[in-house]
Amino acid sequence: MKTHSGSAIYIQLKNRVTLPQGKGVKLGDIAYLIAPPEWEEPLKSLLLIQPEYSDGNLILIDLLKVIPLVKKLVPDADIEPIGEGRTIVQISESKGGKKPSYAMFALVWLLLFFGAALTIMNFHADVSMQEVQIRIVEMLTGRRDEHPYLFQLAYSIGIGFGMVIFFNHLFKKKWNEEPTPLEVEMFLYQKNIDQYVIHEEYRKMKLGEGGTSEREEV
């Protein structure tokens, strides 16, 4: 067997990965690797864990558990970790699982549509928007119109156009490469979820170690 004294292996764990149910978690699935050419494929194929049903759909893999397995495969290598020291593996259902429900999609869409419409109307009622519009039309035309439909139509179109510009998104089209406010909020939400999962998994590990040590003492 060849020895590679001083060979460096750089490992950068991904933040979160999604794998199908029943698939073993390999190093190449959760990490970016820089290694000697002869070790790239063996390292990428290195099995870290075989998820079981009892593990749930979220699994935390710590770099401290990865390094001994890499050292076992390449004893003489110098391992250089980069970035975060952990990754979250999400186990997804098989492709033949539950199909999306168009009825549920329509229901959610209607709830969001009418909810947003009621929110805008209630806001306008609170600030007396109709009286403000009547006053603006009176200032522009010199006469009072209790039902300025033309102004209200232009105002409604302006709200929709402003929302499209603000969210930088119309269906699948984006005006530029900047993230939309919704994308930023979703990113922060996912980041908070990941932090919570990491905290909970470490807490469970500590409880498990404590339980093991107590059993051994008994």
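Let's start with two strands, E2 (16-20) and E8 (86-92). E2 and E8 run parallel and pair over five bridges. Strands here are DSSP runs of E, at least two residues; helices are runs of H or I, at least four residues; both are numbered from the N terminus. Two strands count as paired if DSSP finds at least two bridges between them. One spot to look at: Pro 20 stands opposite Ser 92 in E8.

A word on the source. This is a predicted model, where local features need pLDDT of at least 70 and side-chain atom pairs count only at pLDDT 80 or more, while totals for chains, interfaces and linings use all residues. Residues are numbered from 1 along each chain as its sequence is written, and side-chain values use heavy atoms, with hydrogens and water left out.

Back to the sheet. Which order do its three strands take? The order is E2-E8-E6, in an open sheet with mixed pairing. E2 and E6 are the edge strands, each pairing on one side only. From one strand to the next, the twist averages 30°. Axes for such angles are lines fitted to C-alpha atoms, for helices over the stretch in contact, and angles run from 0 to 180 degrees between N-to-C directions.

Now strand E1. E1 pairs with strand E7 (residues 78-82) in the parallel sense, over five bridges. There, Ile 11 stands opposite Pro 81. E1 also pairs with E4, this time antiparallel, over four bridges. Leu 13 faces Ala 31 across that pairing, and Tyr 10 stands opposite Ile 34.

Both strands have two faces. On E1, Ile 9, Ile 11 and Leu 13 make the covered face, and Ala 8, Tyr 10 and Gln 12 the uncovered one. On E4, Ala 31 and Leu 33 point one way and are buried; Tyr 32 and Ile 34 point the other way and are not. Buried means under 20% relative accessible area, exposed over 50%, partly exposed in between (1.4 Å probe, protein chains only). Tyr 32 has a partner: the charged end of Lys 14 sits over its ring, 5.1 Å from the centre. For that, NZ of Lys or CZ of Arg must be within 6 Å of the ring centre and within 35 degrees of the ring normal.

Next, the core. How many residues are in the largest nonpolar core? There are 25, and Ile 11, Leu 27, Ile 30, Leu 43, Val 70 and Val 89 are those with the most contacts inside it. Such a core is a set of buried Ala, Val, Leu, Ile, Met, Phe, Trp, Tyr and Cys residues joined through side-chain atoms within 4.5 Å. Elements giving two or more residues include helix H1 (27-30), helix H2 (37-44) and helix H3 (63-73). Take Ile 30. Beyond its neighbours within four places in sequence, its contacts (heavy atoms within 4.5 Å) include Val 17, Leu 48, Ile 61 and Val 89.

Last, helix H4 (residues 102-126), home to Trp 109 and Phe 113, four residues apart. Their rings are stacked, 5.4 Å centre to centre, with 5° between the planes. Rings of Phe, Tyr and Trp (its six-membered ring) pair if their centres lie within 6.5 Å; planes under 30 degrees apart are stacked, over 60 edge-to-face, the rest tilted. Trp 109 is partly exposed, at 48%. Phe 113 is too, at 45%. Phe 113 and Phe 114 have ring centres 5.3 Å apart and planes at 85°, so that pair is edge-to-face. Ring pairs thus link Trp 109, Phe 113 and Phe 114 into a cluster.
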